[in-house]
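Grab a pencil and open the viewer. Below is a set of short exercises, each with a worked solution to check yourself against.

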Amino acid sequence: MKNLLAATALAALTALPAAAQDDKVAITVNAVQIFGTIDPAKINDYTEYMAAVNLYDALTTVDAAGNVIPQLAESWDISDDSLTYTFHLKDGATFSDGTPVDAQDILYSIRRLLAINEGPSYLFSDLIDAESLTAPDDRTVVITLNKVYAPFISITPLLLAVNEEAVQTNGDDPWGETFLAETPAGAGPYTLSSWDRGAQMTLARNKAYHGGWPNARPIDEVRFVVTRDEATVRALAQRGDLGISSQYQSTETYEGIAKLDDYVTLTTPTATGLYIKLNNQVPPTDDVHVRRAIAMAMDYATVREVIYPGAPLRGPLSDIFAAAVPEDAAEPVFDIAAAQAELAKSKYAGQGPIQLTHTYVSKTAFEEEIALLLKSTLDMIGFDVTIQPEPWNRITDLATSVETTPHTTQVFYGPTYPSPDSVFYVQYASSAAGNWASMDWVQDPEIDRLIEVSRAETDTAKRNGIYQDIYRKLVDDQRSVWLLAQERRFSVHKCLKGYEWVPMQSWDFDFSRMSWSCE
């Protein structure tokens, strides 16, 4: 069955080289998860954001240094009380159908996000009321917050603009949910050519894109193929079709593709962490001593040096956010004796083997290796671990409630927006619980208080001090196991230029920033 699926995925692709004879540049990009939605009010994971950043533009975007820079807005002003943000829209910006982008489209898009109350809405729902949005004229958008939120500009790249006229013309409801589920109505650099949810998605370059195409040979067509089968990825490279792989291949696959004449392995540090999420609200992981024992029984060096290369992760926040990480933060230590001693302090000690369910994304070889490594050490010290691989969509379903969330789950999480707030709030705030990123179910009033205080603090140095307090408390209570800071690896065609990691989920896959050059 596996071979049949691989053959089907390959057959779905047109056998064109990356640069065809008509000089059109078409690349194939490997993704390992389906694109569940392209609705910018509902996007939730890395593939959905990958589509959104190419189909839609926002008031702002993010560069490789993590700076928020203009996109649909050319500039903005912030009031002295840090509550009112006035955005001045650039002239000449249009949606992909040629309709001008104006202030009413921005207001409609934000109100739509708040009304649907899915995807990134949780970042805005307690900050913005629909009535607090105004447009003094077609080029000006005024957003007044309900309360001071210091990182507000860092989340504005998620306010993706929807063409209100297109929705009202084609939609069957005020917010056009059916229409936008299948058809993009954005101002992004690409449009949707075809989409088979289980297999592929193809994007075509919008030649009239308002942001322009400064590179001599931009990427004209992006063909995502959805597969976890590494033989399929290797076959794409052997044919010369692969532009860039996913970051979830095995070392063997990276090394094999790198031996081909036209391919290299690109490695880049990131702020993305590989976590073992610990469900803090159900037995036995509701016990801090059990959580500490699990953390001490993890062979971090083997994971980083043998199974999946990465940098040490000292706690919940990557060292990329250096000012928000305590100077005395220490790397976690693999110590079986200490793990046994810690487990002996738990309320579950002396009652026979402690039952534990461990989940990871199925058909991901390196995650299976990590799961087996963890089971081998935990079973030695008094656990009975059941390994339960699940497809990603099943994991996201399990994450919606405390009762269905597994005891332990392997999850990659990178900042959704370029701020430590993204790491702390999205994963650990009680009000953000119920999604795959928050499978720890921390539910700690003191953590909630510190996060709220940090969000209201406009002094950067003081805010970083609060971030350090949050960091320390999460580590002291061992709310997660922090395995490593991901060093992303991709198999990349040597002619694909311009990839840079961006500290915002999937913004590094904005293909308008890339080009094709074989010189």
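**Exercise 1. Work out the strand order of the open sheet of 4 strands, and find which strands are its edges.**

Step 1: Reading across, the order is S4-S5-S7-S6, and the pairing is antiparallel. Strands here are DSSP runs of E with at least two residues, helices are runs of H or I with at least four, and both are numbered from the N terminus. Two strands count as paired if DSSP finds at least two bridges between them.

Step 2: The edges are strand S4 (73-78) and strand S6 (133-137), each pairing on one side only. On average, neighbouring strands are turned by 20° against each other, direction ignored.

Before going on, a word on the ground rules. This is a predicted model, where local features need pLDDT of at least 70 and side-chain atom pairs count only at pLDDT 80 or more, while totals for chains, interfaces and linings use all residues. Residues are numbered from 1 along each chain as its sequence is written, and side-chain values use heavy atoms, with hydrogens and water left out.

**Exercise 2. Trace how S4 joins S5, how S6 joins S7, and what packs on the sheet.**

Step 1: Start with S4 and strand S5 (residues 84-89): they run antiparallel and are joined by 5 bridges. Look for aspartate 77, which stands opposite threonine 86 in S5.

Step 2: Now go to S6 and S7, also antiparallel, with 3 bridges between them. Here aspartate 137 stands opposite threonine 140 in S7. The two strands form a hairpin, with 2 residues between them.

Step 3: Add helix H3 (residues 103-116), which packs on the sheet and touches S5, S6 and strand S7 (140-144). Contact means heavy atoms within 4.5 Å. The direction of H3 makes about 175° with that of S6; axes are lines fitted to C-alpha atoms (for helices, over the stretch in contact), and angles run from 0 to 180 degrees between N-to-C directions.

**Exercise 3. Find the disulfide and say whether each cysteine is buried or exposed.**

Step 1: Searching the whole structure turns up 1 disulfide, taken as a pair of cysteine sulfur atoms within 2.5 Å. The partners are cysteine 495 and cysteine 518, with sulfur atoms 1.9 Å apart.

Step 2: Check the geometry. The link is right-handed, with 120° about the S-S bond. It ties distant parts of the chain, 23 residues apart: cysteine 495 sits in the loop between strand S17 (480-493) and strand S18 (496-497), and cysteine 518 in the segment after strand S19 (515-516).

Step 3: Compare accessibility. Cysteine 495 is buried at 2% relative accessibility, whereas cysteine 518 is exposed at 52%. The cut-offs are under 20% for buried, over 50% for exposed and in between for partly exposed (1.4 Å probe, protein chains only).

**Exercise 4. Describe how H14 and H15 pack, and explain why H14 is called largely enclosed.**

Step 1: The axes of helix H14 (residues 420-428) and H15 come within 11 Å, crossing at roughly 145°.

Step 2: Pick out the residues that meet. From H14 come Asp421, Phe424, Tyr425 and Tyr428; from H15 come Ile447, Asp448, Ile451 and Arg455.

Step 3: Count the buried residues. H14 is largely enclosed by the rest of the structure because 9 of its 9 residues are buried. They pack against S12, strand S16 (408-413), H15, H16 and S17.

Step 4: Zoom in on arginine 455, found in helix H15 (residues 445-456). This arginine is buried, at 3% relative accessibility. Leaving aside neighbours within four places in sequence, its contacts include Leu123, Tyr149, Asp421 and Tyr425.

**Exercise 5. Hunt down the backbone oddities at proline 284, glutamine 443 and glutamine 478.**

Step 1: Proline 283 and proline 284 are joined by a cis peptide bond, with omega about 0°. Proline 284 belongs to the loop between strand S12 (263-278) and helix H9 (288-296).

Step 2: Glutamine 443, in the loop between H14 and H15, has a positive phi near 50° without being a glycine. Its relative accessible area is 36%, so glutamine 443 is partly exposed.

Step 3: Glutamine 478 also has a positive phi, near 45°. You'll find glutamine 478 in the loop between helix H16 (460-476) and S17, and at 12% relative accessibility it is buried.
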